[in-house]
Amino acid sequence: MYWLVVLGLLLPVSAFDNDDIDAVIEKVRAPSYDCPNDSLFPELEATLNQESLTTTQRNALISAKGQFLICRGDFESALTLLGDLVDQPDIDKASYTYVSAINQIGFIYDAQENPTRCQYYRQARSLSSPEKHSDIYMSSSLGMISYCSEYDDVSERLGKMFSILERFYEDGSPAELAHIHNSIGLLYGGLGQHGLAAEQFLKAHDMGVQFYEGSNKLSMLISAIVSLQSSGQNEEAYRRIQEYAALNATINTPLTNYFYYNSLVYYYRKNRDFENLEKTLPDFKAAVSAVSSSFGTLIYKWHEAEICLHNGNLVCLVDYVQQFKDEKNTIPPRLATNLDYLSFNLAIYLALGDVEKARVANDVFAMEAERKRIKQQDSARVLSAANLYNRIYGLEAEVEAEQQARQRILWALLAVFIITGSLATYFLRRKFLAAKAIDPVTQLLNSEVAISRIGKLSAPDKGRAIGIAVFDISNFREITRYLGPSKTNSVLKAIARTLQNNIRGSDILGRFGTEQFIMCLHNVEESSARPYFERMRTAIAQALEEGDTAGSIKVESTVSIFITNEKITGLHDILDDMATSIGLNHRSQ
């Protein structure tokens with residue numbers, strides 16, 4: 001860090017008065033969910049060298065310095081600095097300085113996947129509130145929802161995430177909303193739902209890029225690129241890599257360069273473009289060296305060996321395999337569970353003619369592929385449950401808004417039940433609200449509640465839109481005749497599951513009629529709404545897989561779409577027109 005000291009000495013070293021020091025503290029301090037402007041670090045260091053600092057001022061600057069170090073990836077230095085700070089016997093434990101330091105330590109342990117993170121997130125949340133240190137309260141709450149034992153069930157965690165998002169949507173800053181979307185993306189990624197994770201990361205990026213400076217502009221974009229690549233959306237990933245390169249042209253830090261070349265070599269390997277992969281590897285090697293990343297070194301050697309495998313260079317492959325015979329060179333879990341990497345290992349042993357090791361590599365690959373398949377099935381059920389939780393939270397909010405007087409009585413009664421230990425009543429009430437609002441066959445919102453929620457949506461943001469689609473199962477009568485009325489419900493349930501597994505938690509989905517479904521997207525890009533609805537129509541056609549109840553009957557559907565850039569008025573007239581257009585379409589067929 002010597003160069004930082006030298007750089008700091010280039011700044012004026014005259015004594016600051018208290019007002020000047022307080023102004024520096026305000027300037028270098030960033031919200032807990034953000035990274036500070038790295039160009040301010042020399043000024044922070046110079047101010048820390050002032051002899052006139054009070055203890056309170058010095059501690060505030062040290063806490064801010066910890067955030068700079070974290071954003072630079074220097075977790076060990078940050079942990080030492082912040083640990084010494086919070087251990088001071090006379091520090092004010094109600095101050096922003098202390099609570100921020102506690103939250104930062106939680107984040108460091110979070111990045112290291114250390115369970116101790118929960119202890120610090122819990123402490124940071126207990127010392128903050130929506131009114132006091134609100135940025136820390138939100139960050140620590142999201143950290144606890146994501147990782148800590150208070151919310152073990154993943155589906156409920158997602159529901160609570162979307163509930164927080166809904167509460168912040170009207171009054172929250174773009175930075176707060178971006179942080180929440182990023183947290184939801186991390187949860188989706190943990191479920192293996194990388195397509196949904198990419199959508200959340202891109203929302204966070206689109207919000208954050210408007211006001212973030214420096215490397216902050218790229219942090220959520222690189223998460224989106226990784227998720228796009230993991231979900232097989234390679235061309236969209238490449239488009240976003242190009243966007244990243246354009247933004248990075250003026251940022252150009254060792255870490256942002258590392259992420260850029262890492263995503264680029266992954267794209268070339270995934271698309272079997274070995275010519276460009278070979279050209280890019282030297283730049284990637286230099287970027288890895290600049291950040292001293294041991295994991296990056298493993299990634300580089302993997303891709304270098306991919307070139308060897310492509311060129312049939314067996315000597316190179318033997319050297320690659322040999323290095324892992326040393327116990328120090330173990331494969332980290334992130335790589336050991338990567339199906340691309342496991343497939344590559346299998347290909348190496350086949351190329352070397354080592355049948356026994358190839359058989360072992362194949363077994364490892366098959367076991368991991370099966371584990372991921374089961375996880376995908378489990379996560380689909382989790383997402384359905386999360387959507388239901390989110391609907392319940394939304395329904396409760398509507399009841400509270402429309403019946404405030406009655407709700408006060410209800411909460412009073414609920415308090416009595418809690419005092420007497422009858423927590424079961426709370427959960428029965430939640431199920432009762434859901435049962436009244438949810439169609440018993442499809443488990444979607446019924447028509448009345450879905451329309452009510454759509455009608456209460458606020459106007460979309462500038463440049464965004466509200467999209468409504470009514471899907472009509474055009475051959476429903478044929479299906480009914482073929483299966484009989486008693487078995488038709490299984491078809492409706494299959495379609496409902498298909499739609500549920502493809503929506504976001506903030507979308508509105510309901511049964512609109514006997515053979516119709518209604519879907520509403522709020523605050524979406526206008527250009528993406530219509531293609532999205534068309535993809536949903538295609539998904540409906542594929543809802544019944546071979547072996548399902550419908551046998552050889554294929555689901556056919558039509559869709560009527562309405563898109564507006566304004567708050568919806570005259571919703572019932574709009575829906576009548578959409579239903580009419582569907583009827584006209586049937587008659588024209």
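Reader: Hi! What pLDDT does the chain average?
Author: Happy to help. This is a predicted model, and the chain averages a pLDDT of 79, with 78% of the residues scoring at least 70.

Reader: Where does the pLDDT stay under 50?
Author: One such stretch is residues 1–14, for which the model has 13 contacts beyond four places in sequence. Residues 420–428 are also below 50, and that stretch has 4 contacts beyond near neighbours in sequence. Where pLDDT is low, the predicted coordinates should not be read in detail.

Reader: Good to know. New topic: how do the axes of H8 and H10 cross?
Author: Helix H8 (residues 134–147) and helix H10 (residues 174–190) have axes that come within 10 Å and cross at roughly 10°. Angles under 35 degrees count as roughly parallel, so H8 and H10 are roughly parallel to each other.

Reader: And which residues make the contact?
Author: From H8 they are Met138, Ser139, Leu142, Ser146 and Tyr147, while H10 brings Glu176, His179, Ile180, Ser183, Leu186 and Leu187. By class, that contact has 6 nonpolar, 4 polar and 1 charged residues.

Reader: Nice. Over to H26, which residues are buried there?
Author: In H26 (residues 526–541), the buried ones are Ala529, Tyr532, Phe533, Met536, Ala539 and Ile540. They cover an arc of only 115° around the axis, so they lie on the same side of H26.

Reader: Last one: is Asn475 buried or exposed?
Author: Asn475 is buried, because its relative accessible area is 6%, under the 20% cut-off. Asn475 sits in the loop between strand E1 (464–473) and helix H24 (476–483).

Reader: What is Asn475 in contact with?
Author: Leaving aside neighbours within four places in sequence, Asn475 is in contact with Ile553, Lys554, Val555 and Glu556.

Definitions and conventions
Residues numbered from 1 in each chain as written. Predicted model: local features only at pLDDT ≥ 70, side-chain atom pairs only at ≥ 80, totals over all residues. Heavy atoms only, no water. Buried < 20%, exposed > 50% of the residue type's maximum accessible area, 1.4 Å probe, protein only. Helix = DSSP H or I, 4+ residues; strand = E, 2+ residues; numbered from the N terminus. Arc of directions from axis to C-beta. pLDDT = per-residue confidence, 0-100. Contact = heavy atoms within 4.5 Å. Axes fitted to C-alpha atoms, helices over the stretch in contact; angles between N-to-C directions. Parallel < 35°, antiparallel > 145°, perpendicular 65-115°, else oblique. Nonpolar A, V, L, I, M, F, W, Y, C, P; charged D, E, K, R; others polar.
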